[in-house]
Amino acid sequence: MDRRECSGALFHLGLAGGWLVAAPAWAAALSEGDAASGVRAALERGALAAVGLLGRQDGFLGNPKVRIPLPGALEDAAKLLRAAGQGKRVDELVTAMNRAAEAAVPEAKSLFVDTVRQMSVEDALGIVRGGDTSVTDFFARKTRTPLGAKFLPIVTRATEKVQLAERYNAVAAKATGLGLLRGGQASIQQYVTGKALDGLYLMVGEEEKKIRADPVKTGSAILKKVFGR
């Protein structure tokens, strides 16, 4: 794809996707390098913002959008456990799960940055062509598996440090005794890792919405050209 074709495609796709409302001169003013740089800048800003929001004290626990609940049937069992005087144990378990996720998320920073910087012009076109979750989908497709591998040992160490597995097992045993939980639940480490990733991509999506709604606020001249209204 030559420069004119890429610029024209970005312009056409941007209009169709609602990202761009610009004069035809926009296409001529931007090289394919500038256009791709704008998309990369948007992705990097959004991803790092999401990591910063979650990878800190109460990043998960204090945010109802991503707060990790008890797994499966234990969520329902918690009500009865509280009624049976086990409320403190339940609260400790939920706090420990969320703290483990908060400890793991900073590991995403370098992988997100590397993924963005390695993206091709074709990837950038796919972002512009895509719908409202195209950025989030791009990150999930490129990084979920390697991030899961990075997160799991951190979550495991965090759960061991606070005896999370033991606390989970204790709560699960009581729930089983009440007939509220069956065997075969995933390990608590796998559960927390999966939820941490879900929360991370959810917040990347939130940042994506902000950039789409008002790219000018990012302060980047290239972003204003590519995504400006």
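V155 sits in helix α8, and in this predicted model the residue is buried, with a relative accessible area of 0%. That value falls under the 20% cut-off for burial, so V155 counts as buried. Leaving aside residues up to four places away in sequence, V155 touches A100, A104, Q189, V192 and T193. Y191 is 36 residues from V155 in sequence, yet the two C-alpha atoms are 9.8 Å apart in space.

T145 is also found in helix α8, but here the picture flips: T145 has 67% relative accessibility and counts as exposed. The cut-off for that label is over 50%, which is why T145 gets it. Going C-alpha to C-alpha, T145 and L197 are 9.8 Å apart, with their positions 52 residues apart in sequence.

Now for the overall layout. The protein comes to 11 helices and zero strands, so to speak an unbroken run of α in the pattern along the sequence. Of its 229 residues, 45% count as buried. What share of the contacts between residues at least 6 apart in sequence joins residues at least 24 apart? That share is 82%.

Back to α8, which spans residues 134-161, and to two of the helices it meets. Here is how the axes compare:

| Helix pair | Axes come within | Crossing angle |
|---|---|---|
| α6 (residues 108-117) and α8 (residues 134-161) | 10 Å | roughly 145° |
| α7 (residues 121-129) and α8 | 8 Å | roughly 135° |

Take α6 to begin with. Its crossing with α8 is right-handed. On the α6 side the contact uses A108, L111, F112, T115 and V116, and these meet F138, F139, K142, T143, P146, L147 and F151 in α8. Sorted by class, that contact has nine nonpolar, two polar and one charged residues.

Then there's α7. Are α7 and α8 parallel or oblique to each other? They cross at roughly 135°, and α7 and α8 are therefore oblique. D123, G126 and I127 of α7 make this contact with S134, V135, F138 and K142 of α8. By class, the contact of α7 with α8 has three nonpolar, two polar and two charged residues. F138 and K142 are listed in the α8 contact with α6 and again in the one with α7.

On to the aromatics. A pair of aromatic rings is described by the distance of the centres and the angle of the planes. The structure holds three such pairs. One of them joins F112 and Y201: the rings are 6.5 Å centre to centre with 50° between the planes, a tilted arrangement. This pair links distant parts of the chain, as F112 is in helix α6 and Y201 is in helix α10 (residues 188-213), 89 residues apart. Are F112 and Y201 buried or exposed? Both are buried.

Another pair is formed by F138 and F139, edge-to-face at 5.7 Å centre to centre and 65° between the planes. F138 is buried, and F139 is too. Put these residues together and F112, F138, F139 and Y201 form one aromatic cluster. Three names in that cluster should ring a bell: F112, F138 and F139 also turn up in the contact of α6 with α8.

Conventions. Residues are numbered from 1 along each chain as its sequence is written. This is a predicted model: local features need pLDDT of at least 70, side-chain atom pairs count only at pLDDT 80 or more; totals for chains, interfaces and linings use all residues. Side-chain values use heavy atoms; hydrogens and water are left out. Axes are lines fitted to C-alpha atoms, for helices over the stretch in contact, and angles run from 0 to 180 degrees between N-to-C directions. Helices (H or I, at least four residues) and strands (E, at least two) are DSSP runs, numbered from the N terminus. A crossing is left-handed if the near helix is turned anticlockwise from the far one by less than a right angle, and right-handed if clockwise. Contact means heavy atoms within 4.5 Å. Ala, Val, Leu, Ile, Met, Phe, Trp, Tyr, Cys and Pro count as nonpolar, Asp, Glu, Lys and Arg as charged, and the others, Gly among them, as polar. Angles under 35 degrees count as roughly parallel, over 145 as roughly antiparallel, 65 to 115 as roughly perpendicular and the rest as oblique. Rings of Phe, Tyr and Trp (its six-membered ring) pair if their centres lie within 6.5 Å; planes under 30 degrees apart count as stacked, over 60 as edge-to-face and the rest as tilted. Buried means under 20% relative accessible area, exposed over 50%, partly exposed in between (1.4 Å probe, protein chains only).
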